[in-house]
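Trainee: Got a minute to go through this one with me? I'd like to get a feel for how the pieces pack.
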Amino acid sequence: MKKMSIRARVVAGTVAAAAISAGTFGAVSANASAPAAESRAAVKADTHNRNLQQTTHLTIDAATKAAQAALDAAERSGQRVTVAVVDRNGNTIVTLRGDGAGPQSYESAEKKAFTAVSWNAPTSELVKRLESTPNLKDIPGTLFLGGGTPVQSKGAPIAGIGVAGAPSGAQDEEFAKAGAAALGR
């Protein structure tokens with residue numbers, strides 16, 4: 001058997017690697033282009049698995065509708081606020097900063113929304129809990145001031161609405177509740 005030169009071995013190895021890569025890429029491309037009917041059916045069948053849990057989430061349209069309703073309520077009262085809507089996991093879906101809202105209002109609104117959804121309670125009620133459990137305020141990302149309200153489906157929290165910027169937490173919370181009420185219309 002004749003020995004191959006280094007150059008010939010490099011060329012042969014490169015051609016072999018290219019052929020393997022092309023086959024792999026083609027297989028991945030074929031699978032990624034359109035999911036097979038079997039894989040969609042398998043996903044549906046897995047929903048009956050007791051190890052899986054389905055959750056309800058607001059659409060971006062619903063979150064925007066709620067945020068706009070809260071912002072509109074604040075504007076009718078002559079208040080300049082920021083409104084944040086977060087999902088069940090505390091991730092921000094939408095934030096609307098009203099004209100003239102203070103710079104601190106953006107972060108405060110998000111934290112109030114996060115706090116409301118985390119405990120499935122209006123933040124004004126949670127402020128009262130600080131008397132017996134002052135450590136609650138030390139939990140990262142939370143803000144125990146009036147102005148946050150949860151959005152529920154079948155008693156479970158699915159989102160939180162936070163408003164910040166009005167002179168009082170009670171007003172902020174009134175606007176947040178107006179946002180939540182808009183989802184029922």
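Mentor: Sure, let's talk through a helix pair, the cores and one loop residue, keeping in mind that this is a predicted model.

Trainee: OK, at what angle do H3 and H6 pack?

Mentor: About 140 degrees, and the axes of H3 (residues 60-76) and H6 are 7 Å apart. The crossing is right-handed.

Trainee: Why call H3 and H6 oblique rather than antiparallel?

Mentor: Only angles over 145 degrees count as roughly antiparallel, and the pair is at about 140, so H3 and H6 are oblique to each other.

Trainee: Which residues meet there?

Mentor: From H3 you have Lys65, Ala66, Ala69, Ala70, Ala73 and Ala74, and on the H6 side Phe175, Ala176, Ala178, Gly179 and Ala182. By class, that contact has nine nonpolar, one polar and one charged residues.

Trainee: Switching to the largest nonpolar core, which members touch the most others?

Mentor: Leu58, Val81, Val83, Val85, Ile161, Val163 and Phe175, out of 21 residues. H3, strand S1 (82-87), S4 and H6 each supply at least two residues, and H3 gives the largest share, eight.

Trainee: And what lies apart from it?

Mentor: Another core of five residues, including Leu126, Leu130, Leu136 and Phe144.

Trainee: Last one: where is alanine 166, and is it buried or exposed?

Mentor: Alanine 166 is in the loop between strand S4 (156-164) and helix H6 (169-182), and it counts as buried because its relative accessibility is 13%. Beyond its neighbours within four places in sequence, alanine 166 contacts Gln79, Val81, Gln171, Asp172 and Phe175. Glutamine 79 is 87 residues away from alanine 166 in sequence, yet their C-alphas are 5.7 Å apart.

Notes
Residues are numbered from 1 along each chain as its sequence is written. This is a predicted model: local features need pLDDT of at least 70, side-chain atom pairs count only at pLDDT 80 or more; totals for chains, interfaces and linings use all residues. Side-chain values use heavy atoms; hydrogens and water are left out. Helices (H or I, at least four residues) and strands (E, at least two) are DSSP runs, numbered from the N terminus. Buried means under 20% relative accessible area, exposed over 50%, partly exposed in between (1.4 Å probe, protein chains only). Contact means heavy atoms within 4.5 Å. Axes are lines fitted to C-alpha atoms, for helices over the stretch in contact, and angles run from 0 to 180 degrees between N-to-C directions. Angles under 35 degrees count as roughly parallel, over 145 as roughly antiparallel, 65 to 115 as roughly perpendicular and the rest as oblique. A crossing is left-handed if the near helix is turned anticlockwise from the far one by less than a right angle, and right-handed if clockwise. Ala, Val, Leu, Ile, Met, Phe, Trp, Tyr, Cys and Pro count as nonpolar, Asp, Glu, Lys and Arg as charged, and the others, Gly among them, as polar. A nonpolar core is a set of buried Ala, Val, Leu, Ile, Met, Phe, Trp, Tyr and Cys residues joined through side-chain atoms within 4.5 Å.
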